[in-house]
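Visitor: Please take me into the heart of this model and stay with one part, its main nonpolar core. I would like to know how the strands around that part fit together.

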Amino acid sequence: MVEVIALMVSAVHAYEGRPTEPPRPDPEPVSRSEVRVRAGLGIVGDRYFNQPAHRAASVTFFAAESLPAGDPLLTRRNVIVRGIDVDLLARDRADFSLDTGDGPVRFRAHTAATPCRWLDTVLAPGTAKALRGLSGARCTPLDDGTLRVGAAAFTRLT
């Protein structure tokens, strides 16, 4: 069974500066029950939306199974899923679709997401090292659409 367990949209970088200092507070809650995705641009309202330097990696995915304890939203990934090997998608640079009830939205995985040292501060010491190779995928949306928290249909396309 595939499930979207959390969605995150952040207008600002919270993990700036040194990881030994507290993260910058978000100006508004980052957890969402649904997000609007735009082809080639990202998630509406997110800090990477329509940013030329991030178009190939504007939406990040993370597999909840990779984090045995703690709030997966603290990884700062946009789409937290259960039941998908997100890291394999990144390694294979695969195309895939996710349908949470409003029709499929296709994505292309471009690169693996790199864990940052902030995870040692906000989750637990050693988390960044433990998540090497398991920190998710940076993706480009290929379609406009909506993603919602809840059960989902996943299809690997390539």
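Guide: What follows is a walk through that core, then along the strands that feed it. Before we start, bear in mind that this is a predicted model, in which local features need pLDDT of at least 70 and side-chain atom pairs count only at pLDDT 80 or more, while totals for chains, interfaces and linings use all residues. Residues are numbered from 1 along each chain as its sequence is written, and side-chain values use heavy atoms, with hydrogens and water left out.

The largest nonpolar core holds 26 residues. Such a core is a set of buried Ala, Val, Leu, Ile, Met, Phe, Trp, Tyr and Cys residues joined through side-chain atoms within 4.5 Å; buried means under 20% relative accessible area, exposed over 50%, and partly exposed in between, with a 1.4 Å probe and protein chains only. Look for Phe61, Val79, Val81, Leu98, Phe107 and Leu147, which have the most contacts inside the core. Many elements contribute two or more residues, among them strand 1 (2-8), strand 5 (59-63), strand 6 (79-82), helix 1 (86-92) and strand 9 (137-141). Helices (H or I, at least four residues) and strands (E, at least two) are DSSP runs, numbered from the N terminus.

Now pause at Val81. Setting aside neighbours within four places in sequence, Val81 is in contact (heavy atoms within 4.5 Å) with Glu3, Val4, Ile5, Phe61, Phe62, Ala63, Ala64, Glu65, Val86 and Leu98. Apart from this core lies another, of 12 residues, including Ala6, Met8, Ile80 and Trp118.

Two of those names meet again in the pairing of strands, where two strands pair if DSSP finds at least two bridges between them. Strand 1 and strand 6 are antiparallel over 4 bridges, and Ala6 has Ile80 of strand 6 as its bridge partner. On to another partner of strand 6: strand 5 pairs with strand 6 in the parallel sense over 3 bridges. There Phe61 is matched with Val79 in strand 6, and both belong to the core residues with the most contacts. One general idea helps when you look at such strands: in a regular strand the side chains alternate between the two faces of the sheet.

Strand 5 also pairs with strand 9, in the antiparallel sense over 3 bridges, with Val59 opposite Cys139 in strand 9. Strand 8 joins strand 9 too, through 5 bridges and again antiparallel; here Ala109 stands opposite Cys139. Of the 5 residues of strand 9, 4 are buried, so this strand is largely enclosed by the rest of the structure.

Next comes an open sheet of 3 strands, in the order 4-3-10 with antiparallel pairing. Its edge strands, strand 4 (42-43) and strand 10 (145-148), each pair on one side only. Strand 3 and strand 10 are joined by 4 bridges, and Val35 stands opposite Leu147 in strand 10. Leu147 is a name you have already met among the core residues with the most contacts.

Finally, look at two loops. Arg76, in the loop between strand 5 and strand 6, has a positive phi of about 65 degrees although it is not a glycine, and it is buried at 11% relative accessible area. Asn50, in the loop between strand 4 and strand 5, also has a positive phi, near 55 degrees, but Asn50 counts as partly exposed at 35% relative accessibility.
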